[in-house]
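This report describes selected features of a predicted model. The sequence and the structure are shown first, and the description follows.

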Amino acid sequence: MSAPMEADIAIVGAGPAGMHAALTAARGGARTVLLDEYPEPGGQYYRQLPADFEVADRSRLDPDFTKGDGLLAEVRAAGIALLNEASVWGSFDGGVLEVMHRRRALTVRARRTIVATGAIERPGVFPGWDLPGVMTPGGAQTLVKGQGTLPGERIVLAGSGPFLLPVARTLIQAGRPPLGVYESTHPLDWARHVLRLRGHGDRIAEALDYRRVLSRAGVPIRFRTVVARAEGSGAVERVVLMDCDRQGRPLPGTERLVEADTLCVGFGFVPSVQLTRTLGCRHAYDERRGGWVPVHDDDMQTSVRGVFVAGEVAGIGGAWAAMAEGALAASAALAELGFEVPAPGIEALRRERRHRRAFGALVNELFAPRPGLLDLVTDDTLVCRCEEVNAGAVRAACRPWGGNVNFIKGATRCGMGYCQGRICGPVVEALLAAELGLAPGTVDHFHPRTPIKPVRVSDLASLYND
Amino acid sequence: MIDDAIQPGAEVTLIVDGEPLQARRGQTVAVALLARGRRVLRHTRNGGHPRGLFCAMGVCFDCVMTIDGLQGTRACMTRVEDGMQVSTPLRFEGREQA
Amino acid sequence: MLTRADVVVVGGGVVGCAVAYYLSKAGARVALVERSVVGSGASSVNPGSIAMATKKGGTVLELARASQRLHEGLSAELGTATEYAVEGNLIVAESETEIAYLEELAAGQRAVGVPVELVDEQRCRELNPLLRGRVLSGLYCATDAHANPFKVTQGFADAARNRGAQLFTGTAVEGISVEAGHVTGLMTSRGNIEAPWVVNAAGAFAPMIGKMVGATHDVVPRRGQIVVLEATDALPGIRVSGASQLLAKHVTAPADGRPHRTPISLSYTRKPLSGTVLLGSTNEFVGYDSRNTREVVTGICECAARFMPELGRLNVLRSWAGLRPYSSKGPLLGDGGGPAGYAVATGHGGDGMALSPVTGLYLSRYVGRDGKSYPVAQFLQDLKADSGAVQ
């Protein structure tokens, strides 16, 4: 085997959690490797424009583009080995990471590993969600923040959760306000939790600020509204909206048409746990954290010694929780390795993390996917985009003696395509649980399969004799 | 561009299904096509249904195209290069559904 | 008590489900106990091969031929599309030793009427134009086939249930009760099942079940790793494998010292319906470790890219590993060597999917004769007589 890259601490994912972890690790004196799949670091929160783009005057840009500048500069100056376009495709031996770095194979052997792989959007599933022009809200935001491009002309934003607001703001600042924001829950659903907002003034101020930007731009927000279907020949031309009840169930007779060429629907996020599963970490199902999450201790260490998690992969909690957890995981790793732990130290970070997580848990509860949304998933609705499996086929494969999504996978090919079940996994879990009358989280999850993301045969072949 | 302050990189030429297409360095293949009004990036193998950008961040693999001879390449994650060959196989193998 | 049955089958893999089906069809009240879900073990991690070209002559080959005839009609029998397809099978030789071995194989196969032919290098490359690596000659069987192992397993399970079998999944076996030298039932994590017959179809885990009645079975887990490539258009459908793998499989028994490197040879299967390509598998004796390894995953890719360079450009989507029940004696069918009423159906190695129908049919007759001696040779003769009667 060609010489592996050695490090004290390896961090996977250069979003808010990963960058704070890397900075903390480097400040403590650890040899630090930071791996990220994209050409520029930052993750979704600090999404960067390509290095090939020229920006005449950064101070003129919207803060969306520049809020990560300071942190990125620090990361670049900290002596961290930052590898962009580096995708971890497997791990066979303890915490050793197998990496494809721009199609060059690399093995990273670190004494501690921090997984900060973030989250995957939970898309809306309804008839027509496979038409070109239907996107995730994060996808639309990526086009603007990462490519300086608008996704379309007439944009509808829908789904559930606070993330719809920054996406709306991004589109407004880019000069293309969405036609409307359609939220499936209602503020009345949130009222009884109002006391839990105490101490989270900064987050509330942020939300109110978004609301102000939307109302100034004349973007309406409609509650208890869902996208029932998308229509068009070859691409989205029309969106059908419906009112829904508290459970997300569409109300008959409330259909209305909106002419649009772009439809962004998202219901929050699920942790991106493919790597933690491959590393053998134990996972548990926790709806308040977005679904399946790696089990970890107070200092973010998982059930596999030496493997830590930080940020959305440890449960959906927002960028602020991610920053605290990145620093906390790195501090704990430093302490274990005998390095000095830089300020603010483990105790302070634990407190900060608990505080930010409390708000994140509240948000996840308020905007948890409502069971009635499955009513939209008619039998002819696509479930697995890769293998073209519809909901009818999934439901037909639900058997009491196969109460496990991997049984559905074998029976229908759902989850066997390129995305390896990332998109359809949570949908299949929900459908199977609903069909058998079981609680979510009791029907297993798709088993992780190596490679974590597709890799060329020739690239893997090159590793055999080295 | 959405903001005058942002200037994309130098001009490059892609070959898309045999036709030249102007793009700017730093752009992804998907965005270069979107900028020309092209939203359909492929048709599915079984049903022949059109698909375009969905997650736009490398997760869903719905935007896969054949790029420089490699099928199954994500158009949303691949930055344009001068002379890059992009093809969008419209042909599909109708699979018999038993 | 959980239930009462005539026969309780242990294991919900393809073999257990087939046994449950044929017993139910024969009129028995059947209960099947599976610790996970149906088809969760080796039955879901194999390429679904129904091959004669890979088998030495003798009883196993004759069972396989009888089983293929059952596979041909299985979709209609079970009311489920098993995706049975005849794609042909080519085994290529890289050395004189391998050529000699293929000649020996072909002789045994022809003796029982398998339509195989020995083909030269040029014909090999015509049969599968992807072949670029060193090939001297080959053994070709045009009638070899494959099916979707998951559909076969699920088809048997569904059909068994439709005939009244009870399927208990998520149910672990805790013991077998025996009175006066005769099986009286099965103890499970969900309660007891009263039954005068227990059929052990637990695959690689059959020895643990056997131990409960003091029976030892010559079965060890043999790991097979497989790599799956993205779907493609217009690749050859014919299965191709290297003779070196067969040599290793037929000649090597579990060794005391493990070889330094796992033997890896070419093995190419394309599934016509999904368009995916399956590479592998291996034959590794590493106990009950069902993980993929770096060496084998990269080695399978290296071997494929060497023999079929065009595959090098494709994406690997996933890898699997399954534990096959290897027995140096071939499949263990019928008498389990324990108390009366204890039978086995395991030891199929990598042929569980291919041999599942014939195994199920044999076990239903063995149990139906109340365990009286029923040599497989006689069973095969009876099958021939049956099919003659139908015609």
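Gly148(A) comes directly after helix α4(A) and has a positive phi, near 60°. In this predicted model, the helix that precedes Gly148(A) is largely enclosed by the rest of the structure, because 11 of the 11 residues of α4(A) are buried. The buried residues of α4(A) include Gly138(A), Gly139(A) and Ala140(A), as well as Gln141(A), Lys145(A) and Gln147(A). Burial here denotes a relative accessible area under 20%.

Helix α4 of chain A (residues 137-147) packs with helix α5 of chain A (residues 164-173): their axes come within 10 Å and cross at roughly 35°. The crossing of α4(A) and α5(A) is left-handed. On the side of α4(A), the contact is made by Pro137(A), Gln141(A), Val144(A) and Lys145(A); on the side of α5(A), by Leu164(A), Pro166(A), Val167(A), Thr170(A) and Leu171(A). In an α-helix, residues three or four places apart point the same way, because there are 3.6 residues a turn.

**Nonpolar cores**

Which residues have the most contacts inside the largest nonpolar core? They are Val383(A), Phe156(C) and Leu363(C), in a core of 183 residues. Phe156(C) is in contact with residues beyond its neighbours within four places in sequence, among them Val14(C), Cys17(C), Ala18(C), Tyr21(C) and Tyr22(C). Leu74(C), Leu78(C), Ser356(C) and Pro357(C) also belong to this set of contacts of Phe156(C). A second core, separate from the largest one, has 57 residues, including Ala14(A), Ile80(A), Ala86(A) and Ala329(A). In soluble globular proteins, nonpolar side chains tend to be buried together.

Ile80(A) is also a contact partner of Val75(A), which touches Met19(A), Leu23(A) and Leu34(A) as well, when residues up to four places away in sequence are not counted. Val75(A) is found in helix α3 of chain A, which spans residues 69-77. With a relative accessible area of 3%, Val75(A) counts as buried, because this value is under 20%. Between Val75(A) and Gly291(A), the C-alpha to C-alpha distance is 31 Å, and the two residues are 216 residues apart in sequence.

**Salt bridges**

Over all chains, a search of the whole structure finds 61 salt bridges. Three of the pairs are set out below, each with its N to O distance and its separation in sequence.

| Pair | N to O distance | Separation in sequence |
|---|---|---|
| Arg103(A) and Asp459(A) | 2.9 Å | 356 residues |
| Glu81(B) and Arg25(B) | 3.7 Å | 56 residues |
| Glu194(C) and Arg4(C) | 3.0 Å | 190 residues |

In chain A, Arg103(A) forms a salt bridge with Asp459(A). This pair links distant parts of the chain: Arg103(A) belongs to the loop between β6 (97-101) and β7 (104-115), and Asp459(A) to helix α14 (residues 457-461). Is Asp459(A) buried or exposed? Asp459(A) is buried, with a relative accessible area of 10%, whereas Arg103(A) is partly exposed at 46% relative accessibility.

In chain B, Glu81(B) forms a salt bridge with Arg25(B). Glu81(B) lies in the loop between β7 (70-74) and β8 (85-87), and Arg25(B) in the loop between β3 (19-24) and α1 (29-35), so that the pair links distant parts of the chain. Glu81(B) is partly exposed, with a relative accessible area of 42%; Arg25(B) is partly exposed, with 28%.

In chain C, the side chains of Glu194(C) and Arg4(C) meet in a salt bridge. Because Glu194(C) lies in strand β13 (residues 191-194) and Arg4(C) in strand β1 (residues 3-4), the pair ties together parts that are 190 residues apart in sequence. Glu194(C) is partly exposed at 37% relative accessibility, and Arg4(C) is partly exposed at 47%.

A network of salt bridges links Asp130(A) and Arg385(A) with Arg42(B), Arg51(B) and Asp62(B).

**Chain B**

Chain B contains 1 helix and 8 strands, in the sequence order β-β-β-α-β-β-β-β-β. Of the 98 residues in chain B, 59% are buried. Among the contacts in chain B between residues at least 6 apart in sequence, 39% join residues at least 24 apart. The exposed area of chain B is about 4,100 Å², of which carbon and sulfur atoms supply 47%.

Definitions and conventions:
Residues are numbered from 1 along each chain as its sequence is written. Chains are lettered from A and ligands numbered from 1 in the order in which they are written. This is a predicted model: local features need pLDDT of at least 70, side-chain atom pairs count only at pLDDT 80 or more; totals for chains, interfaces and linings use all residues. Side-chain values use heavy atoms; hydrogens and water are left out. A salt bridge is a side-chain nitrogen of Lys or Arg within 4 Å of a carboxyl oxygen of Asp or Glu. Helices (H or I, at least four residues) and strands (E, at least two) are DSSP runs, numbered from the N terminus. Buried means under 20% relative accessible area, exposed over 50%, partly exposed in between (1.4 Å probe, protein chains only). Contact means heavy atoms within 4.5 Å. Accessible areas come from the Shrake-Rupley method with a 1.4 Å probe; for residues, only the protein chains shown count as cover. A nonpolar core is a set of buried Ala, Val, Leu, Ile, Met, Phe, Trp, Tyr and Cys residues joined through side-chain atoms within 4.5 Å. Axes are lines fitted to C-alpha atoms, for helices over the stretch in contact, and angles run from 0 to 180 degrees between N-to-C directions. A crossing is left-handed if the near helix is turned anticlockwise from the far one by less than a right angle, and right-handed if clockwise.
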